Amino acid sequence: MSDQPQPGATITNPVIPGFHPDPSVCRVGDDYYLACSSFEYFPGIPVFHSRDLVNWTQIGNALDRPSQLHLDPDVPSSAGIYAPTLRHHDGRFWLIVTIIGGGGNMLFTATDPAGPWSDPVPLPGVPGIDPDLAWDEDGTLWCTVAGIAQVRLDPNTGETLGEPERTWSGVGGKAPEAPHLYRIGEYWYLLIAEGGTERGHGVSIARGRTPTGPFEPCPDNPVLTHRSTDHPIQNTGHADLVQAADGSWWMVLLGVRPGGGTPGWHVMGRETFLAPVEWVDDWPVVGPLSLELPAPAWPLHPVPAEPVRDDFEQAELHPRWISLRERPERLVTTKERSGWLTLHAAGASPDEPDLVFVGRRQQHVECSARTLIDPAGGRGGLVVRLDERHHYEIEAGDGRVTVFARIGPLRTEVASAPVPAGPVVLGVETGPHPPEDARTAPDLVVLGFEQPDGTFTALASLDGRYLSTEVAGGFTGRVIGMYAAAGTVHFDWFDYAPQSTS
Ligand code: 6LW
């Protein structure tokens, strides 16, 4: 079913909420595909499909086999998968990506972007991060990386041809990165991000007559930034351009939604936003970029709301479920107890990088998660996680439920209560902070459990700022999920319900 937008109709940003940074997009006919960074999580590189650039459905994860992505426990949080570029060329989809701690720059191909994707072609001669792919008219493949530098690439062997050459590095912001090179009309355009991925982030562009330049900077650089503004979308940068089927141009980019008082804390990581682009004098003019945009001129294809409950009746986990660094079937399986997800503990708490964990991104400012756990003779729980050093969890086992908080070097037991033996429903809610504290805290994270009669008992209400990127650092956002801390634990279902529209 499609909905023709009415005059004055609007759409909502972010178009892909939750921790989905570094978006790269391409169009094939009437279909759009988009890939994001995924860092220490496995499977890696979520891939989305859309028919209207507005409504996106996750169709897979490009790297879902150990032969494609192998991250050891010593690969830190926010290492792993950085900044893919997704392109369609010569009948195939191409992904180039940096895997920090997993082999450096790699190239993958697929005929169907939902997968399977190929095993990697290592690119030992491609330096640095944020590799891009662009083909010249004669078939030469140009790879551009952060810095900004460019080298020719043989896609079959992964060999670089010649030495990387510096091209154009922006207008003086720190960390020139995220390059994408395009042939548009008479020019080759080099789009980059600069200013760093924090509040100073921005997008700049230059153009030249050849793919190697020389590049002339746009007189209006940065063509997009929200630095030094009180705009609700901050850290805007790391963009990619796409021409829609009707000829109009659009930008996808990352941004964050800080909450609370100064300096503002964002808790869901860097999210994917959409902005329209007009061309004036052969330069792109970007915007408006806001939480609500005028709808595009074409029919929209709303994505059916996902079911609140995942009951683990299918052998395969939905692509939204992610684990830490690896997901061996001997530790994570739906085949051991029919209709349940079984986790066998390795790391003994969410402090450990080898924690056996299955979670999903928090995608709404206000949300609620519940899971029914049977701790059997073990221990396990529900955790809200930024990284190993920043998480809140409620854990069941030994006839008790206990809330723990880990903030930087400090770990503490916050509250504990006895529960009857057997399965118990654990719950987490994120919501607004009480008004007296709302000036400083982005949200409140409530952890509790359900009594046998179904009433929810909150054991702890914790300040959400400590599970934000401004506190924890790094490149990810909150992920909420199930874990095993000791022995074998089983989960019958997991509910995630938005409590706010965005
Ligand atoms: C990515 C860089 C960036 O490689 O952050 O925001 C890094 N941009 O381009 C990690 O996502």
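Is cysteine 367 buried or exposed? Hi everyone, let's start there. Cysteine 367 is buried, and its relative accessible area is 1%. Before going on, please keep in mind that this is a predicted model.

Staying with the cysteines, does cysteine 367 have a partner, and how many disulfides are there in total? The count comes to zero. For cysteine 367, the nearest cysteine sulfur belongs to cysteine 36 and sits 19 Å away. A disulfide needs two cysteine sulfur atoms within 2.5 Å, so that pair does not qualify. Cysteine 218 also counts as buried, at 5% relative accessibility, because the cut-off for buried is under 20%.

Now, over to the surface. Which residues form a negative patch there? The members are Asp72, Asp74, Glu326, Glu352 and Asp354. Let me pick out one of them, aspartate 354. You'll find aspartate 354 in the loop that runs between β28, residues 341-344, and β29, residues 356-361. With a relative accessible area of 34%, aspartate 354 is partly exposed, because that class covers values between 20% and 50%.

Last stop: isoleucine 11. This residue belongs to strand β1, which spans residues 10-12. Isoleucine 11 is buried, with a relative accessible area of 4%. Where does glutamate 292 come in? In sequence, isoleucine 11 and glutamate 292 are 281 residues apart, yet in space their C-alpha atoms are 5.6 Å apart. If you have the structure open, have a look at that pair.

That's my tour, thanks for listening!

Methods. Residues are numbered from 1 along each chain as its sequence is written. This is a predicted model: local features need pLDDT of at least 70, side-chain atom pairs count only at pLDDT 80 or more; totals for chains, interfaces and linings use all residues. Side-chain values use heavy atoms; hydrogens and water are left out. Buried means under 20% relative accessible area, exposed over 50%, partly exposed in between (1.4 Å probe, protein chains only). Patches are made of residues with over 30% relative accessible area and no salt bridge: like charges are joined within 9 Å, nonpolar side chains (Val, Leu, Ile, Met, Phe, Trp, Tyr) within 5 Å. Accessible areas come from the Shrake-Rupley method with a 1.4 Å probe; for residues, only the protein chains shown count as cover. A salt bridge is a side-chain nitrogen of Lys or Arg within 4 Å of a carboxyl oxygen of Asp or Glu. Lys and Arg count as positive and Asp and Glu as negative; His and the chain ends are not counted. The place of a charge is taken as NZ of Lys, CZ of Arg, CG of Asp or CD of Glu. Helices (H or I, at least four residues) and strands (E, at least two) are DSSP runs, numbered from the N terminus.
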